[in-house]
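Me: I should like a close look at the aromatic residues of this protein and at the buried places around them. Please explain the part step by step, in terms that a first-year student can follow.

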Amino acid sequence: RVRLRRRVGTMERLPPGEMDGSRVAGEDAASSGAWHRTRDGGSRREAWVKIARDIRVPNHYHALLELAGETPETAAQIEKDLPRTGATFAKQGFRLNPGEPTWRALRNILTAYAAHDPETGYVQSMNFQAAFLVLAGLDEEDAFWCLVALVTKIVPGYFSEGMAAAKLDQRVFSRLVHQHLPAVGLHLETIAPDNIVPAIISSQWLLTLFVNVLPAGATMRVWDRVFESETRAPLFACALALLEPAHDAILACDEMGETVELLQSLGQETQSDENAEEADNSAGGGAEDAAVRDADEVANVSLMTRKDSEKTAEKNDTGASFSSTSGKEDALIARMDAYLAGACAPLSFLKEVSRERGRRRRPSDDGLPEAVKRAVPAVTEIDELVDGLRSDLRDVIGEGA
């Protein structure tokens, strides 16, 4: 049977076996496959796909590609975003050039998601998350289902119209900062009204799931915790872990622009000195920067991607590992794990979200998806008082018996 996939205005025959899941698209993304394994040697492909075990439907992904239900506008936007995606991940060895398997895989994943969830459709930043799944070694179908799980289970409502769930989590983030880094929380509130600074930063960090915020290796380790816990609590733990060592620097800022600039730089400060130097060098090329900004200049971006991939391969050939971690990264992950074991433990985090909904309700909460309302019902102070009284009564009755 001939399998078909819709391109922009055309249908393309697929080589036999390309869509059967036997081939790992991510093998083209990093020549050494270093991103495919966790720190303890486990397979990310095997670990991450478990999150989709209860939502996966056999043959659904292939059917979406054959039906190709995307709108022309969606297809055009996906095509426009692909070169930007490749340029962003080029230094990780992500080869994303027109006609190559990884290009086709990423287009397929995003096209299928737009058809799978037409109410949400394709939203910018999904391209980076899908590419990150491929970079981790997942094949097309696994990456598609993991993207579905991320959007619907980890950050439900983040990409829906009105972004009510994202706005709720911005308030939760601000509340956590006030609780665990009170001086920082108060200072950010003083710098700008209505918690504008925490809202700006949390939207950048949380909506991207830290992709392009942290170095790729650190983001992989954050995602390991996300998929293991099947919650977004690790994202908030990572955010607090980023802020903690910058405590004094944040307090030294005396205006909003300076503060936002500092906070935006925190993620990249976790990379090694060698990687930081490479990033600075790549940022200095005016012609290449222009190619990145203009997604229509596919040839220029593809050339840059190939050059960076060749540099990565050369480093691997000489025994240098581009996935080696820095002490700063290890320290960040240790702080994140400490928050995950305490203040941001998944159950504690969900309780904080429920409190935010119940105690500090906002009109935007009316737009929360039903899935969010069911998962984190609003809890008021009266609700908690009643629960406490019930617990005390049970203790008394138990002691009396």
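Reply: What follows is a connected account of the aromatic rings and the buried residues of this structure.

The model is predicted, and the account concerns that model alone. A search of the whole structure finds 11 aromatic pairs. A pair of aromatic rings is described by the distance of the centres and the angle of the planes. Both values are given below for two of the pairs.

W48 and W223 form one aromatic pair, with 5.7 Å centre to centre and 45° between the planes, and this pair is tilted. The pair links distant parts of the chain, for W48 belongs to helix α1 (residues 44–48) and W223 to helix α10 (residues 216–229), 175 residues apart. W48 has a relative accessibility of 1%, and therefore counts as buried, since the cut-off for that word is under 20%. W223 is likewise at 1% relative accessibility and counts as buried.

A further tilted pair is made by Y61 and F144, whose ring centres are 5.1 Å apart, with 40° between the planes. This pair too links distant parts of the chain: Y61 is in helix α2 (residues 60–67), F144 is in helix α6 (residues 140–154), and 83 residues separate them. Y61 is buried at 1% relative accessibility, and F144 is buried with a relative accessible area of 0%.

Helix α6 also holds D142. At 9% relative accessibility, D142 counts as buried. Leaving out residues up to four places away in sequence, D142 touches R45, V49 and R56.

Ring pairs also build a cluster, which joins W48, F89, F128, F132, W223 and F227. One of its members, F89, is a buried residue of α3; among the others buried in that helix are I78, D81, L82 and P83. Helix α3 covers residues 72–89, and its 18 residues should span 26 Å at 1.5 Å a residue; the end C-alpha atoms are 26 Å apart, so the two values agree. The helix has a kink of about 25° at D81, shortly before the proline P83.

The wider setting is the nonpolar core. In soluble globular proteins, nonpolar side chains tend to be buried together. Here the largest nonpolar core has 101 residues, and those with the most contacts inside it are L133, W205 and F236. Apart from neighbours within four places in sequence, W205 is in contact with F173, F210, V213, A239, L242, L243, L263 and L266.

F210, one of these contacts of W205, lies in the loop between α9 (196–207) and α10. F210 is at 0% relative accessibility and therefore counts as buried. Most residues other than glycine have a negative phi, and most peptide bonds are trans. The phi of F210, however, is positive, near 70°. S125 has a positive phi as well, about 105°, although it is not a glycine. S125 is placed in the loop between α4 (101–116) and α5 (126–135), and at 14% relative accessibility S125 counts as buried.

A last buried residue is S174, with a relative accessible area of 6%. S174 lies in helix α7 (residues 164–180). Not counting residues up to four places away in sequence, S174 touches N195 and P198. The C-alpha atoms of S174 and P198 are separated by 5.9 Å, whereas the two residues are 24 residues apart along the chain.

Notes. Residues numbered from 1 in each chain as written. Predicted model: local features only at pLDDT ≥ 70, side-chain atom pairs only at ≥ 80, totals over all residues. Heavy atoms only, no water. Core = buried A, V, L, I, M, F, W, Y, C linked by side-chain atoms within 4.5 Å. Buried < 20%, exposed > 50% of the residue type's maximum accessible area, 1.4 Å probe, protein only. Contact = heavy atoms within 4.5 Å. Helix = DSSP H or I, 4+ residues; strand = E, 2+ residues; numbered from the N terminus. Expected span 1.5 Å × (residues − 1). Bend = angle between axes of the 7 residues up to and from the residue. Phe/Tyr/Trp six-rings, centres within 6.5 Å; stacked < 30°, edge-to-face > 60°.
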